[in-house]
Amino acid sequence: MRRFALLLPSLLLAACVTINVYFPAAEAQRAAEIFVEDVMGAPAGDEASPRPEGGSSAVLPPLAPTLVRVWRFDPVGFFIGSAHAQDAVDIRIRTPAIQAIQQRMAERFSSTLAPLFESGALGFGNDGLVVLRDPARVPLAQRTAAAQAVADENRDRRAVYREIAVANGRPEWEEAIRQTFAREWIAQARPGWWYQDSAGAWKQK
Amino acid sequence: MRPPLSSHKSRVPRFRVGIFRIASGCALLFLLLAAVPTAAAGGRLQVERLSAAAGSAEGLQLRVLEQEDGGLALHLQVREARLPALEQSLRHIEWSCTIRQLPGICEGPLRLAGRPAGRLALDLATQASADWRQNGRRLHLQQQGGRWQVELTRIPLRWLEALGQTRFGLLVNAGEASGRVQLPAAGRTDWRAELRLAGFGFDSPDGTRAAADIAGRLGIESRGGQFELRARWEAGEALFAPFYLQAPTEGIAIAARFATTGSGLDLRHFEWDDGERLQLQGRARLAPEGEAPSLRLEARSGDLDGLASAYLGGVLGPAGLADLALQGQGQIHFESDSAGLVQFDLQLVAADARDPRGRFALEGLSGGLHWSRQGTVESALRWRSAALYGIALDPAALAFRSHAGRLELKAPAAIGLLGGGLTLTQLAWQPAQAGTVASTRFGLALHGIDLAVLSRQFGWPPFEGQLSGSLPEARYADGRLVFAGGLRMDLFGGTVRIDDLALERPFGVAPSLAADLRFDDIDLAPLTRAFGFGEITGRLDGRIRDLRLLDWTPVAFDARLLSDRHWPGRRRISQRAVQDIAALGGGGLVAGLQTRLLRAFDDFGYERIAIGCVLRDHVCRMSGIARRGEGFLIVQGRGLPRLEVVGFRRDVDWPTLVQRLQGATRPGGIRIE
């Protein structure tokens with residue numbers, strides 16, 4: 001009987017823990033995947049770089065228990081099944097402001113950042129940001145411009161991560177979203193590019 | 001340096017000399033060569049180690065061979081020569097020369113680590129001198145008045161690679177020096193150099209300090225452990241992150257007096273003269289790695305525009321102000337020590353700062369901003385005109401006081417704007433100090449802001465009324481500006497309360513604004529007129545909760561607007577307003593009457609009007625007074641003819657809705673058929 005008395009509070013405690021809102025990891029990953037794809041453009045030799053989660057872009061990762069629809073970022077396409085709108089968790093970014101940021105990121109990526117990743121000057125940080133890991137690889141005259149591009153990019157990224165969290169009414173997800181994006185940037189990095197592992201060490205893909 | 005080829009083990013020596021202690025390093029060679037007559041006639045001299053203040057040599061071997069013509073052939077081998085002052089070490093030096101008679105000049109090829117390294121000539125006269133040449137490079141060493149003097153012609157600075165790396169952590173990768181170096185006299189450490197540098201370049205391993213194609217003059221004098229430097233930088237580019245700089249055509253004059261202390265550097269005085277753009281002087285104590293340097297500097301610029309474009313690109317760019325336009329004059333006094341900021345005093349004269357993206361503009365900024373960690377100092381700053389997101393601010397003056405490390409507004413400051421005024425009730429700033437983070441807080445009050453002017457400014461429908469209120473405390477942290485308190489708008493006879501205001505990234509990427517709005521007793525007649533929305537009489541209550549604007553466009557809210565049921569006056573809705581409301585619902589059905597019948601009346605009595613919209617993810621989920629069949633009741637009629645407006649589409653695309661609203665508020669907009 002005494003054991004039961006002890007069991008009850010611990011059960012209650014466990015119950016409290018399970019109340020925590022579940023972060024839709026799979027949905028977030030899929031959303032991040034598309035976002036990153038749109039920014040980085042079609043990766044060259046995509047087949048050669050398997051995703052860490054094991055799923056390809058066509059097959060949903062096994063983590064997705066209730067993925068009911070395809071995620072869309074297009075500004076024109078509007079329609080949601082109203083039955084699902086209330087209960088399914090939604091990680092989408094269709095706000096014009098965020099789309100403008102995404103477009104700007106895509107332009108910056110192809111014009112400025114991609115060559116810097118190629119040269120090894122930049123790396124993907126494990127916090128979802130871009131890191132100027134080896135400025136010595138950038139010609140001196142372009143080094144401050146590179147630092148500025150990195151600062152601009154990171155400002156945009158922080159805004160995107162935050163806005164996705166807030167748009168879902170869950171500002172506390174910002175960190176989880178940032179982590180999801182961090183994994184996705186690295187997953188879609190091209191061979192030879194640098195990234196930071198979870199321990200903070202730099203590795204070349 | 002190149003790896004040694006093989007170690008030359010000394011064989012059985014004929015002479016064995018222990019350790020020489022000689023004053024000057026350069027004298028080493030001469031002393032050795034002085035032994036030539038002794039070693040003449042096929043002699044061989046072997047010295048294990050020679051050392052002097054300037055350097056040391058190991059494994060010296062001199063062979064002297066008598067030539068057929070009576071001259072001598074010398075062959076000198078040195079296993080390793082070290083010059084610690086230059087962090088230099090040369091290995092496997094081989095030099096062969098011939099000399100016709102003594103005293104005379106012995107000249108011949110030099111090899112370093114097995115590779116040809118130019119030609120060396122030694123004058124073994126009373127006025128001893130040495131001369132080395134290779135491909136137009138020349139090093140001439142000669143004694144003058146008891147001191148050795150080196151003349152350099154196009155000597156590669158890469159020779160100082162090791163010195164740069166160990167002393168300054170820099171990789172010297174290019175450049176040549178020409179000029180003259182006077183080496184210390186016997187028993188002294190004083191030396192001086194007058195050099196011309198060309199194409200000088202270096203880089204630090206982390207890439208934060210670098211230079212390329214540096215050209216200029218450099219004079220250094222070392223006296224009693226203190227150095228005097230005088231330089232003129234004439235060409236090239238340099239990066240000391242975050243500062244990147246290209247030498248202006250007029251050049252920059254640099255002067256410094258410094259001494260090395262332990263592992264740090266004591267910069268007792270430095271000067272930087274870039275004409276109008278920047279005049280800088282001060283002193284600094286650069287501690288070894290990991291410790292904050294202590295610094296004291298005075299900077300003055302008579303051309304902030306030039307200063308910004310030449311010096312501040314690397315600071316303003318990453319801060320998101322790359323294209324900030326600055327103008328005017330300014331100066332700053334700045335002090336910091338190992339504990340952090342000690343004080344700064346910024347003074348501006350007729351300065352302008354304009355953001356080309358129109359987020360802010362300050363013109364005719366004059367006065368100062370003075371903060372000190374200790375004591376009390378006062379300053380005042382005023383502007384002639386200013387604008388924030390296109391809203392013009394009248395001229396104003398702010399008086400500041402810094403007391404015990406806290407900079408604050410001395411007295412509330414009134415700033416006129418939009419026909420009314422803003423009072424900055426408090427403003428306090430504290431920099432990050434040991435154990436505390438930087439904090440900024442301020443409070444403001446608005447009074448009598450003319451909404452008509454504000455509406456015109458932002459291209460809104462012509463609202464009429466006044467905005468006032470108090471936001472007694474605003475905190476800024478982590479890119480988020482949160483206001484305590486609220487604002488009150490007196491609008492069309494009623495009030496709108498704005499609470500829980502928060503701004504994110506106010507001057508950054510996609511600024512966002514969050515707020516809660518409450519409406520009370522807004523007179524519908526002037527409101528609908530302002531919107532050109534037909535006409536409704538009555539009073540409006542309601543709220544917009546969790547409003548969020550991103551880039552000043554609504555992205556989310558939970559709104560519910562409804563007519564005041566208890567308002568005693570007439571409640572009528574015009575035919576046109578009915579049509580517009582119905583149109584908003586996307587072809588919502590007007591029940592109880594046929595459309596044609598509707599047109600027969602100018603207006604209708606109503607009991608209640610209510611409309612709600614929860615905006616999420618571009619979709620507005622509409623609601624009304626109550627459910628009505630499949631739809632929701634928006635307008636509940638009263639009297640005869642009784643009118644009911646029922647909406648059927650619950651989910652409406654927000655951009656479409658906005659379009660319709662704009663259409664409805666334009667004369668001759670959407671019509672229902």
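How many bridges join strand 5 of chain B to strand 6 of chain B, and in which sense do the two strands run? Select residues 105–112 of chain B, which are strand 6, together with strand 5: four bridges join them, and the strands run antiparallel. The model on screen is a predicted one.

**Strands 4, 5 and 6 of chain B**

Stay on strand 5 of chain B and pick B:Trp95; opposite this residue, in strand 6 of chain B, stands B:Leu110. Five residues lead from strand 5 to strand 6 of chain B, making a hairpin.

Now add strand 4 of chain B, residues 72–83, and show strand 5 as residues 88–99. These two strands are antiparallel and share 11 bridges. Label B:Leu74 and look across to strand 5 of chain B, where its bridge partner is B:Cys97. Strands 4 and 5 of chain B also form a hairpin, with four residues between them. In that turn, select B:Glu87, whose phi is positive, about 50°. Strands of a sheet pair through backbone hydrogen bonds, so turn on the backbone atoms for this view.

**Chain B as a whole**

Zoom out to chain B, whose secondary structure comes to 10 helices and 44 strands. Of its 673 residues, 26% are buried. Among contacts in chain B with a separation of 6 or more, 45% are between residues 24 or more positions apart.

**Helix 7 of chain B**

Select residues 524–531 of chain B, which form helix 7, and colour B:Leu524, B:Leu527 and B:Thr528: these three are buried. They lie on the same side of helix 7 of chain B, because they cover an arc of only 90° around the axis. Step past the end of the helix to B:Gly532, which follows it and has a positive phi near 65°.

**The sheet of chain A**

Move to chain A and show its open sheet of four strands, with the order 2-1-3-4 and mixed pairing. At the edges are strand 2 (130–132) and strand 4 (202–204) of chain A, each pairing on one side only. From one strand to the next, the twist averages 40°.

Strand 1 of chain A, residues 122–124, pairs with strand 2 of chain A in the antiparallel sense over three bridges. Pick A:Phe124 and look across to A:Val130 in strand 2 of chain A, which stands opposite. Then add helix 5 of chain A, which packs on the sheet and touches strands 1 and 2 of chain A. The direction of helix 5 makes about 160° with that of strand 2 of chain A.

**The cores**

Which residues touch the most other members of the largest nonpolar core? Out of 103 residues, they are A:Ile101, A:Leu122, A:Ala146, B:Val578, B:Ile634, B:Val635 and B:Val645. Helix 5 of chain A (residues 140–167) supplies the largest share of this core, nine residues. Apart from this core lies another, of 32 residues, including B:Phe202, B:Ile214, B:Ala247 and B:Trp383.

Go back to A:Ala146 and show what it touches beyond four places away in sequence: A:Leu116, A:Ala121, A:Leu132, A:Pro135 and A:Val138.

**Where the chains meet**

Finish at the contact between the chains, which takes 31 residues from chain B and 26 residues from chain A. On the side of chain B that touches chain A, select strand 36, which gives the most, with three residues. Strand 13 (209–223), strand 14 (226–240), helix 5 (313–316) and strand 44 (651–653) of chain B are among the elements that each supply at least two residues. Coloured by type, this side of chain B divides into 14 nonpolar, nine polar and eight charged residues.

Methods: Residues are numbered from 1 along each chain as its sequence is written. Chains are lettered from A and ligands numbered from 1 in the order in which they are written. This is a predicted model: local features need pLDDT of at least 70, side-chain atom pairs count only at pLDDT 80 or more; totals for chains, interfaces and linings use all residues. A nonpolar core is a set of buried Ala, Val, Leu, Ile, Met, Phe, Trp, Tyr and Cys residues joined through C-beta atoms within 7 Å. A residue is buried if 20 or more other C-beta atoms lie within 10 Å of its own, exposed if 12 or fewer, and partly exposed in between; C-beta atoms are placed from the backbone. Two residues are in contact if their C-beta atoms, placed from the backbone, lie within 7 Å. Two strands pair if DSSP finds at least two bridges between them. Axes are lines fitted to C-alpha atoms, for helices over the stretch in contact, and angles run from 0 to 180 degrees between N-to-C directions. Ala, Val, Leu, Ile, Met, Phe, Trp, Tyr, Cys and Pro count as nonpolar, Asp, Glu, Lys and Arg as charged, and the others, Gly among them, as polar. The arc is that of the directions from the helix axis to the C-beta atoms.
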